[in-house]
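Hi there,

Here is the structure I promised to pass on to you. Have a look at it first, and then read on for my notes.

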Amino acid sequence: MSVEITAGPVDIDDDADSEVRAAVVAAESVLSGRFGAAVRLADPERLGGAGRSVVVRVRVASTPFSLPRTLVVKRYPSAVADRDPFAHEAVSHQLLTALPGEDRLTPELVAQDGGQRLVVLEDLGKAPRLAEKLLGPDARAAERGLLSWAHAMGRLHATTAGRDADFDALMRRQGGQCCADPIAVDVHAALAGLPALLAGSLRVGTPPAVLEFAARAVRGFGTSRRRAFSPSTSCPDNHLVTSKGVRFLDFEGGCVRDVVFDAACLRVPFPSCWCPYGLPAGMSEAMVAAWRAEVGSVWPDLDDDAVFLPRLLEAQFLWVWLSTWRGLPGLDLALPSGHRPLDSPPRGTVLASRWVRLRSDAVALGEKHVAAHAEAMISALITRYGPETLELPLYPAFR
């Protein structure tokens, strides 16, 4: 879809804040440089952003080229320490935009610039996010959204299987760390640091058998050949529910990693954030089944429960350990639980629900040491926060 060329430059509204103004001006420069003629943007609408990034929807007001009427601009500040979310975002979009249109489950990359630290993306419109479905009044719409998310994740994995070399080459070209998975870095830190944290904070010991289970899980995911692109985080605010299915947004930690690690986000939904409520009985199992239906043609061994379920439990265990390591120091600080602090359950309740589910799944697979460790954690959380910490309410759509 193209737009008409307007006469003269179009100014950004005077009330646009300085960060938004700077992002729009930078995007105009990048687009004009790419296409070789002036492109003017107007009517910026701030869409939020993680950390200090700026995300803006803009109208293409003047261009001699065929461009969509609106675009989304995402601009990042300078890299912090050893992590550069811009590099992950830009490389992820480069990798995914190269896919055939019918396989693409993400916005198309229109332009990117490392100097300006921004990406210009296709605007997928004002479709509701998965979070809106879950917090809304329609149980069927929420269920369809969750299953669509699971199917979309499976398709994303299936269509990007074996793209390690491509992703790594793009990361090197971008100047980012090769093979860097931010979650994997934190998992190793949790593996090393959580036992002491549990002992000091909750007086819960970590038996050697549990430490070995954790170490074996980390080794297994590090050497796995079932690898594909991962958005890395799973917050329901990062998934648009469109008429064509769920579309993924935000790749600040995008990487290539073991697909079962992502599948565990369906068994314990949204383990990378602190805003989730509970799901109805059987919902997680239905999502995992939807994911398996999409990836079975690429990794047929995942159709075998004897192969898949132990790996899924290991991934689930690592997510629970990671979220405990991240969240336990702040449980007593009354920190906001997510993007909507007023709509979110207490962090202690969210954390306890993850250990409860881990206990149940460990018992089902006969992992008695893991189940006993989960039981000790649950008892410690009840002792500190009371029995109500086990009462995680369902998402509003399912009440």
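Below is what I found, beginning with a sheet and ending with a pair of helices.

One thing to keep in mind: this is a predicted model.

Let's start with the sheet. It is open and has five strands, in the order S1-S2-S3-S5-S4, with antiparallel pairing. Strand S1 (40-48) and strand S4 (109-113) stand at its edges; each has a single partner strand, so one side of each is left without a neighbour in the sheet. From one strand to the next, the twist averages 25°.

If you would like one strand pair to zoom in on, try S4 and strand S5 (residues 118-122), which pair in the antiparallel sense over four bridges. You will find glutamine 112 there, with valine 119 in S5 as its bridge partner.

A helix belongs in this picture too. Helix H1 (residues 18-35) lies across S1, strand S2 (54-62), strand S3 (70-75), S4 and S5, and H1 runs at about 130° to S1.

Now for the helix pair. In general, two packed helices are described by the angle between their axes and the distance between the axes. For helix H7 (residues 208-223) and helix H12 (residues 368-385), the angle is about 110° and the axes are 9 Å apart. Angles of 65 to 115 degrees count as roughly perpendicular, so H7 and H12 are roughly perpendicular to each other.

Which residues meet there? On the H7 side they are Ala209, Val210 and Phe213, and in H12 they are His369, Val370 and His373. By class, this contact of H7 with H12 has four nonpolar, two polar and no charged residues.

Enjoy exploring!

Best wishes

Conventions:
Residues numbered from 1 in each chain as written. Predicted model: local features only at pLDDT ≥ 70, side-chain atom pairs only at ≥ 80, totals over all residues. Heavy atoms only, no water. Pairing = 2+ DSSP bridges. Helix = DSSP H or I, 4+ residues; strand = E, 2+ residues; numbered from the N terminus. Axes fitted to C-alpha atoms, helices over the stretch in contact; angles between N-to-C directions. Contact = heavy atoms within 4.5 Å. Parallel < 35°, antiparallel > 145°, perpendicular 65-115°, else oblique. Nonpolar A, V, L, I, M, F, W, Y, C, P; charged D, E, K, R; others polar.
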